[in-house]
Amino acid sequence: MEISQEWLAFEKDVLGKRPLTTGTVEEVRQAYRTISETLEGQYAALGEEWGVRDHKEVTSSGLAIRIYTPTGDPKRGEYPVGVL
C-alpha cells in the first residue's frame, strides 16, 4: 500500500508519529485514544452549522465504500477532522 506524502507529513506534524495499526486489541484501543486526545487539543469541536454529505459507491473490485464530506460554509477555510 502506498501512502501519500501529504498524509505522512500530517502524521509527523500533527500526530507526532505513525498510528499503531497492529498489536493487541488493548494496544490499538490505547493508540486510538492517544490520537483522539491529540486531535481534540488541536481542532475545535464540530459546530451545529456543519452537516455531512454521505456518498456510497462500489469500486471496480467490488469493495463498498462510503465517503463523508462536510457541508457548511467553505469560506471559513476550516473543515472538521474525522478519525475512524
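Start by selecting Gly16, the residue that comes right after helix H1 and has a positive phi, near 85°. Helices here are DSSP runs of H or I with at least four residues, strands are E runs of at least two, and both are numbered from the N terminus. Before you click further, keep in mind that this is a predicted model, where local features need pLDDT of at least 70, side-chain atom pairs count only at pLDDT 80 or more, and totals for chains, interfaces and linings use all residues. Residues are numbered from 1 along each chain as its sequence is written, and side-chain values use heavy atoms, with hydrogens and water left out.

Now zoom out and colour by secondary structure. You should find two helices and two strands, in the order α-α-β-β along the sequence. Buried residues make up 10% of the 84 residues in the chain; buried means under 20% relative accessible area, exposed over 50%, and partly exposed in between, with a 1.4 Å probe and protein chains only.

Next, select H1, residues 5–15. Which residues of H1 are buried? Glu11, Val14 and Leu15. They cover an arc of only 105° around the axis, so they sit on the same side of H1; the arc is taken over the directions from the helix axis to the C-beta atoms. Spin to the face turned away from that buried side and you get the exposed residues Gln5, Glu6, Lys12 and Asp13. If you want the background, an α-helix has 3.6 residues a turn, so residues three or four places apart point the same way.

While H1 is still selected, pick out Trp7, which is found in this helix. Trp7 is partly exposed, with a relative accessible area of 40%. Draw a C-alpha to C-alpha distance from Trp7 to Arg18 and it should read 10.0 Å, for two residues eleven apart in sequence.

Move on to H2, residues 25–40. At 1.5 Å a residue, its 16 residues should span 22 Å, and the end C-alpha atoms are 22 Å apart, which agrees. (The expected span is 1.5 Å times one less than the number of residues.) The buried residues of H2 are Ala31, Ile35, Ser36 and Leu39. Look down the axis and they fall within an arc of 135°, so they line one face of the helix. On the face turned away from the buried side are the exposed residues Glu37 and Glu40.

What covers the buried residues of H2? Helix H1 is part of the cover, and H2 in turn is part of what covers the buried residues of H1.

So show both helices together. H1 and H2 pack at an angle of about 75°, with their axes 11 Å apart; axes are lines fitted to C-alpha atoms, for helices over the stretch in contact, and angles run from 0 to 180 degrees between N-to-C directions. That makes H1 roughly perpendicular to H2, a label for 65 to 115 degrees, with under 35 roughly parallel, over 145 roughly antiparallel and the rest oblique. Turn on side chains for Phe10, Val14 and Leu15 of H1 and Ile35, Thr38 and Leu39 of H2, which make the contact (heavy atoms within 4.5 Å).

Last stop: Thr38, in helix H2. Thr38 is partly exposed, with a relative accessible area of 26%. Beyond its neighbours within four places in sequence, Thr38 touches Val14 and Leu15. From Thr38 to Leu15 is 6.7 Å, C-alpha to C-alpha, across 23 residues of sequence.
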